[in-house]
Amino acid sequence: MKTMERISPKAYRSDGFAGKYQELVRKEMIPYQYRVLRDEADNTERSGVFSNYINAGKALRGEKAEPFYGMVFQDSDAAKWIEAAAYSLAAVPDSELERETDELIDLIAAAQDEDGYLDTRFTISDREKRWTNLLEAHELYCAGHMMEAACAYYESTGKRKLLDVMEKNAEHIYRRFIEDGAEGYPGHPEIELALLKMYRAAGNSHCLELAKHFIDCRGVDPGYYEKEKEKRDWFVWGNNPVDYDYQQNGKPVREQTDATGHAVRAVYLYTGMADLASETDDRELFAACRRLWESIVNKRMYITGGIGSTVHGEAFSVDYDLPSDTAYSETCAAIGLMFFASRMLENEVNGEYGDVMEQAFYNTVLAGIQLDGKRFFYVNPLESLPGISGKAPTHRHALTTRPGWYACACCPPNASRLISSLGQYAYGEKGNTVFCNLYVSGDVTFSNGMKLRCETGYPYDFEIRYIVSGEGIIGIRIPHWSEKYTINKNGSAISPEINKGYVYIPVSDGDTVRLSLDGTPRFVYPSEKIPALSGKTSLCRGPLVYCFEGADNGGDVISLSVDPAEEVRVGEYDGELLGGTRRLTAKGYRREPQKGLYSSSAPKKTPCDICAVPYCLWGNRGENQMRVWMDIR
Ligand code: FUB
Ligand code: ZN
């Protein structure tokens with residue numbers, strides 16, 4: 001049974017900080033990404049997404065088609081774009097965007113085979129290769145993304161066309177894997193979580209059965225991918241079928257204990273598992289999710305909520321291997337971690353999940369986007385050193401500035417769909433209780449009839465005011481980082497008990513509840529088990545991790561150290577700085593340059609002020625040094 005239900009995409013209207021980002025998605029990211037997908041944007045990687053659908057339609061009609069273009073999972077970029085458009089339309093109707101989306105959906109529908117198969121890579125050509133390479137070919141992954149898009153578009157606009165297409169596709173997959181008993185499970189998990197959305201949106205019980213099937217059969221036969229490989233004479237990249245940790249299939253998922261392998265795949269899988277656990281009241285499955293959650297957040301996660309620390313396979317490394325400069329920390333992986341956290345909340349209302357959700361959101365997810373909404377980071381290092389980052393063989397992946405697009409473009413449209421659906425992570429409900437998981441300002445209408453208006457300057461100010469219409473209980477998360485907080489109802493202080501990170505306050509029509517959190521900047525120290533961070537500290541305020549950039553510190557941050565014993569000054573909110581932010585100024589030292597590569601004389605240190613800006617805003621002033629973790633004194 002779900003402890004918290006998701007709110008509808010139409011339930012939240014944003015303003016404030018969330019509103020600014022949702023507007024960026026609506027006004028810049030969705031239109032820009034549309035042009036990219038149509039190959040109309042200048043100076044970017046070609047996408048080929050629209051033309052792939054057009055060509056798949058032609059191939060099905062027996063007309064001459066151009067070859068497929070792009071990654072084997074190129075279709076998923078269209079799906080994520082539709083999903084983002086859907087959430088955006090739910091909040092702000094836009095007939096032009098709806099028309100563009102409908103047109104794309106028409107192309108997709110025309111690219112669906114009679115039997116329900118839908119994937120342009122194997123429709124334009126190579127039909128005989130369908131379903132022969134679950135390890136690498138991403139057919140189930142692309143189907144999953146399009147199912148998510150279909151549900152979002154249906155819930156947002158009431159239009160069923162894409163939902164019907166994807167129900168037909170789900171039936172095709174059901175026939176193959178359930179009725180015909182085909183072996184195998186997704187190389188890249190995604191469809192599991194999507195099938196659960198389909199089950200709820202379309203009320204199709206085959207979707208629930210299929211989600212459960214893919215989750216339960218994963219790892220029962222770890223040798224499946226090897227057998228599959230032996231039967232085919234082609235490959236995409238030549239992934240190793242017996243790297244069970246990497247493929248997350250060494251054991252049935254219920255027995256898995258460590259978060260391993262490709263980070264995005266892992267968190268998409270765990271999201272599906274956690275969703276299934278709450279949907280079917282499966283406590284054993286939830287216990288597995290909880291172990292995997294703990295493996296991530298206690299041993300394998302960056303302070304920025306980034307996960308998957310190694311470029312090798314875009315994967316989790318071993319415990320405590322969290323280097324800053326070579327971090328991979330893919331934007332999609334942080335988004336997936338937010339998905340996982342939100343589904344964990346549906347099993348157990350516990351502030352820990354909201355804490356991680358906001359850690360990932362305010363830091364890694366937002367760092368993935370340039371302020372103009374037209375350039376994106378895929379990789380999110382916690383230290384960037386022009387000259388080495390992006391250049392040295394070990395650092396090639398760690399770019400110093402955001403490109404406009406990628407040949408593998410999973411992250412940009414993923415960020416769009418996440419931001420445009422932020423309300424669904426921020427708020428939840430169950431019976432007469434409404435939950436405030438994240439402090440995002442705007443208006444929320446719950447299905448139980450209650451309405452909340454949230455007013456706050458968070459994450460730069462720490463007063464959050466809820467104005468209530470209707471009656472019920474509000475459950476508000478108290479973040480772990482706020483040592484002190486006060487709550488006030490209609491002007492009088494109240495002290496509700498904290499239950500697993502939430503306070504519960506009975507409210508009636510017209511009530512105002514005010515939460516004041518502690519916005520004192522704080523230095524955070526790493527576990528001594530993280531070798532890359534020995535002797536370092538980072539500066540945080542609220543959910544924001546701050547970083548030190550050359551642009552604010554005379555160009556050079558690697559010769560700086562910080563004195564955490566000294567007070568940190570919080571700057572005025574500056575609307576002109578990086579789209580509007582507050583600088584923090586700490587006391588520290590600058591080491592004078594050494595003579596030569598090595599020297600036996602200790603460097604001289606001069607006291608100085610050192611300035612920090614939120615990590616999510618780094619890299620918006622050209623190439624420059626950046627550091628999150630600073631040497632102490
Ligand atoms: O494989 C599909 C997507 O591309 C993954 O989720 C990303 O990590 C990137 O590899
Ligand atoms: Zn990505």
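How many nonpolar, polar and charged residues does the shell around ligand 1 have? In this predicted model, the shell has 6 nonpolar, 3 polar and 2 charged residues. The aromatic names in the surroundings of ligand 1 include Phe 73, Tyr 141 and Tyr 378. Val 264, Cys 408 and Cys 410 also belong to the set around the ligand. His 138, His 188 and His 262 are found there too. Glu 314 and Glu 330 complete the list.

Three side chains of this shell were examined for their distance to ligand oxygen. For His 138, an N or O atom of the side chain is 2.7 Å from an oxygen atom of ligand 1. For Glu 330, the corresponding distance to a ligand oxygen is 2.7 Å. For His 262, the value is 3.0 Å. On its own, ligand 1 has 270 Å² of accessible area, and the protein covers 95% of this area.

The domain layout was considered next. The protein chain is divided into domain 1, residues 48-240, domain 2, residues 432-517, and domain 3, residues 522-632. Between the C-alpha centres of domain 2 and domain 3 the distance is 34 Å. Domain 2 gives 6 residues to their contact, and domain 3 gives 12 residues.

Together, domain 2 and domain 3 bury about 720 Å² between them. Carbon and sulfur atoms account for 62% of that area. Which three residues supply 76% of the area that domain 2 buries against domain 3? They are Tyr 460, Phe 462 and Trp 481, and no other three residues supply more.

Polar features were also found across this interface. There are 4 residue pairs in polar contact between domain 2 and domain 3, with both residues at pLDDT 80 or more. The interface of domain 2 and domain 3 has 1 salt bridge. Arg 582 forms a salt bridge with Asp 461. The closest N and O atoms of Arg 582 and Asp 461 are 2.7 Å apart. On the side of domain 2 that touches domain 3, 5 residues are nonpolar, none is polar and 1 is charged.

Technical notes:
Residues numbered from 1 in each chain as written. Chains lettered and ligands numbered in written order. Predicted model: local features only at pLDDT ≥ 70, side-chain atom pairs only at ≥ 80, totals over all residues. Heavy atoms only, no water. Near = heavy atom within 4 Å. Polar contact = N/O pair within 3.5 Å; in protein donor to acceptor, adjacent residues only side chain to side chain. Areas by Shrake-Rupley, 256 points an atom, 1.4 Å probe, with all protein chains shown as cover. Nonpolar A, V, L, I, M, F, W, Y, C, P; charged D, E, K, R; others polar. Domains from an automatic or database assignment. Contact = heavy atoms within 4.5 Å. Buried area = accessible area lost by both parts, 1.4 Å probe. Salt bridge = Lys/Arg side-chain N within 4 Å of Asp/Glu carboxyl O.
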